[in-house]
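Biologist: I should like to learn how to read a structure that is new to me. May we begin with the strands and then turn to the ligand?

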Amino acid sequence: MTEPLDLLIIGAGPAGLSAAHSAATEGLSYLVIEKGTIADTIRHYPVGRTLFSTPNELEMFEGALKPCREKPTREELLSHYVHFVLNHDLKINTGEEVVEVKKLADSFSVRTTQNEYHAARILFAIGAMAHPRHLNIPGEDLPKVHHLFVEPYPYVRRDALVVGGGNSAAEAALFLAEEGARTTLAIWREDWENRDPKAGAMKHWVRQPLEQQIAAGHLRVVLYNAINTITERDVTLTSEEEETLTIANDVVFVLIGSDADLTLLKKLGVKTEPGKLTEVPVYDPETFETNVRGIYVAGHFTHQRHIKAAIDVPRRVVPLIAQSLRSSVAK
Ligand SMILES: Cc1cc2nc3c(=O)[nH]c(=O)nc-3n(C[C@H](O)[C@H](O)[C@H](O)COP(=O)(O)OP(=O)(O)OC[C@H]3O[C@@H](n4cnc5c(N)ncnc54)[C@H](O)[C@@H]3O)c2cc1C
């Protein structure tokens with residue numbers, strides 16, 4: 001066991017990094033526990049991907065992120081976050097997963113894959129990527145089926161199917177088609193016809209080149225009702241006209257979203273509610289404290305899903321945590 005901490009932060013994404021910096025500024029004893037690497041979610045974006053957001057929505061300090069173009073790539077953003085950690089010497093244990101959080105009389109015990117810690121306050125900054133959604137159909141466990149898209153280059157001149165209606169699926173289909181994969185995008189009509197950015201419509205700068213690939217005959221769009229089975233050689237689906245289509249296939253990308261893992265929070269007694277896209281913890285919108293005193297949340301698995309809020313919220317919340325710790329010492 002280690003020295004008791006003021007604040008233990010779970011997750012080193014933009015929210016966890018911002019919280020760590022605020023904790024250091026407040027003079028708190030803190031530690032970030034990260035099961036993967038620094039900014040692991042961003043590290044898993046497709047190689048070379050350009051962000052949708054502009055630098056002011058992503059950077060840790062005004063003017064600190066200087067991309068070559070208007071918007072940064074995955075690599076530029078990742079490097080920015082890594083250097084933020086290095087320059088501020090933030091305390092982060094990577095490759096260590098939090099597996100249990102227990103409430104004690106006036107603190108918490110945290111068990112990880114490597115150690116046990118005690119902390120007065122816990123901030124969950126765990127993101128929403130823990131459980132990629134599955135189609136739950138026969139063949140989905142074949143090695144050719146992926147729930148994450150990293151790069152198109154292994155699939156040049158291969159038959160690729162992408163399933164999904166959001167930006168991740170659209171981008172994967174675009175990158176595959178551009179780099180010579182014979183690509184099919186299977187998408188529901190309501191997603192294909194959705195033009196409302198507030199309702200999760202494909203970004204126009206993704207749709208435009210996607211439509212060019214369709215016009216050039218490099219990409220086929222199939223409006224479907226159901227994907228039925230995946231075998232080594234093909235995929236069988238039901239089109240929206242209720243036709244059964246069997247499509248030759250070498251690789252499948254199922255990119256239909258992902259869900260946070262709320263198990264640790266629920267075991268602590270934190271209440272949840274239905275969010276816009278998925279289940280979210282219940283918390284005070286001012287303090288981001290949950291119904292379990294001393295347990296706070298920030299980032300992608302709350303109602304504030306984008307990077308800007310993931311950075312901004314801990315800057316408001318950590319000083320409140322510091323204040324509450326100071327007033328509990330004064331009592
Ligand atoms: C392909 C893609 C493109 C995107 N593009 C954009 C964009 O252009 N602009 C934008 O604003 N947003 C974008 N997003 C969303 C963006 O990535 C999230 O808003 C952002 O990562 C949220 O930061 P976070 O710190 O809340 O969560 P994350 O960055 O997901 O960080 C959570 C961290 O917690 C760690 N963790 C989870 N559980 C545990 C545990 N039990 N123990 C230890 N560590 C744990 C995870 O490994 C992870 O590193 C995109 C998302 C994807 C998937």
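Modeller: Let us start with pairing: two strands count as paired if DSSP finds at least two bridges between them. Please keep in mind that this is a predicted model.

Biologist: In which sense do strands β11 and β12 pair, and over how many bridges?

Modeller: Strand β11, residues 219-230, pairs with strand β12, residues 234-239, in the antiparallel sense, and five bridges join the two. Within this pair, Y224 has S239 of β12 opposite to it.

Biologist: What is the order of the strands in the sheet?

Modeller: The sheet is open and has seven strands, arranged as β8-β14-β9-β10-β11-β12-β13, with mixed pairing. Its edges are β8 (145-146) and β13 (244-248); each has a single partner strand, so one side of each lacks a neighbour in the sheet.

Biologist: Which strands does helix α4 lie across?

Modeller: Helix α4, formed by residues 167-178, lies across β9 (159-163), β10 (182-187), β11 and β14 (251-254). The angle between α4 and β9 is about 165°.

Biologist: Now to the ligand. How many residues surround it, and which are the closest?

Modeller: A residue belongs to this group if one of its heavy atoms lies within 4 Å of the ligand. Here 30 residues surround the ligand, and the closest are E34, T41, Y45, S53 and R305. By type, the shell comprises 14 nonpolar, nine polar and seven charged residues. Helices α1 (14-25), α2 (40-43) and α8 (307-330) each contribute at least two residues to the shell.

Biologist: Which polar atoms of the protein face the ligand's oxygen and nitrogen atoms?

Modeller: In the side chain of T41, an N or O atom is 2.5 Å from a ligand oxygen. For the side chain of Y45, the corresponding distance to a ligand oxygen is 2.6 Å. A polar backbone atom of V98 is 3.0 Å from a ligand nitrogen. The ligand taken alone exposes 1,000 Å², of which the protein buries 91%.

Methods:
Residues are numbered from 1 along each chain as its sequence is written. This is a predicted model: local features need pLDDT of at least 70, side-chain atom pairs count only at pLDDT 80 or more; totals for chains, interfaces and linings use all residues. Side-chain values use heavy atoms; hydrogens and water are left out. Helices (H or I, at least four residues) and strands (E, at least two) are DSSP runs, numbered from the N terminus. Contact means heavy atoms within 4.5 Å. Axes are lines fitted to C-alpha atoms, for helices over the stretch in contact, and angles run from 0 to 180 degrees between N-to-C directions. A polar contact is a pair of N or O atoms within 3.5 Å; within protein, one must be able to donate a hydrogen and the other to accept it, and residues adjacent in sequence count only if both atoms are side-chain atoms. Accessible areas come from the Shrake-Rupley method with a 1.4 Å probe; for residues, only the protein chains shown count as cover. Ala, Val, Leu, Ile, Met, Phe, Trp, Tyr, Cys and Pro count as nonpolar, Asp, Glu, Lys and Arg as charged, and the others, Gly among them, as polar.
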